[in-house]
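Work through the short exercises below. Each one has a task and a stepwise solution.

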Amino acid sequence: MKTQSSMLHVRMDTEMKRKATTALAAMGMTASEAVRLFFHRIAVDQAFPLELKVPNAQTRRAMLESEEMMSAGTARFASADEMFAELEETSGQ
């Protein structure tokens, strides 16, 4: 069964819209997707949803590394033992 859709028109400050759409783009979302997600969470949780934030520099680097590895079909570590060894080595930093 197909659900009916409707339009939502929102008036806001032009600069606020520009800043928000830039931040959403950094998260990989459009304004329409963000509004749908926002309304979905409100409907499901019956509460105001938590704030989404732009990933920090360290997270963006990790995301980029992951995307590059997926594109190349490679892995950062040859084995789980190698991964755990590096985690132990860097855990004190």
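**Exercise 1. Identify the ring cluster in this predicted model.**

Solution. Ring pairs connect F38, F39 and F48 into a cluster. The number of aromatic pairs is 2.

**Exercise 2. Classify the geometry of the pair F38 and F48.**

Step 1. Two quantities describe a pair of aromatic rings: the distance of the centres and the angle of the planes.

Step 2. For F38 and F48, the centres are 5.3 Å apart. The cut-off for pairing is within 6.5 Å, so the two rings pair.

Step 3. The planes make an angle of 80°. Edge-to-face requires over 60 degrees, so this pair is edge-to-face.

**Exercise 3. Place F38 and F48 in the chain, and state how exposed each is.**

Step 1. F38 sits in helix 2, residues 31-45. F48 lies in the loop between helix 2 and helix 3, the latter being residues 57-72. They are 10 residues apart, and the pair links distant parts of the chain.

Step 2. F38 has a relative accessible area of 31% and is partly exposed. F48 reaches 67% and is exposed.

**Exercise 4. Characterise Q46 by backbone and surroundings.**

Step 1. Q46 is not a glycine, yet its phi is positive, at about 55°.

Step 2. Q46 belongs to the loop between helix 2 and helix 3.

Step 3. The relative accessibility of Q46 is 68%; exposed means over 50%, so Q46 counts as exposed.

**Exercise 5. Judge the confidence of the model by chain and by element.**

Step 1. The chain has a mean pLDDT of 91, and 98% of its residues reach 70 or more.

Step 2. Among the elements, helix 1 (residues 14-26) has the highest mean, 96. Helix 4 (residues 80-90) has the lowest, 91.

Technical notes
Residues are numbered from 1 along each chain as its sequence is written. This is a predicted model: local features need pLDDT of at least 70, side-chain atom pairs count only at pLDDT 80 or more; totals for chains, interfaces and linings use all residues. Side-chain values use heavy atoms; hydrogens and water are left out. Rings of Phe, Tyr and Trp (its six-membered ring) pair if their centres lie within 6.5 Å; planes under 30 degrees apart count as stacked, over 60 as edge-to-face and the rest as tilted. Helices (H or I, at least four residues) and strands (E, at least two) are DSSP runs, numbered from the N terminus. Buried means under 20% relative accessible area, exposed over 50%, partly exposed in between (1.4 Å probe, protein chains only). pLDDT is the predictor's confidence in each residue, from 0 to 100.
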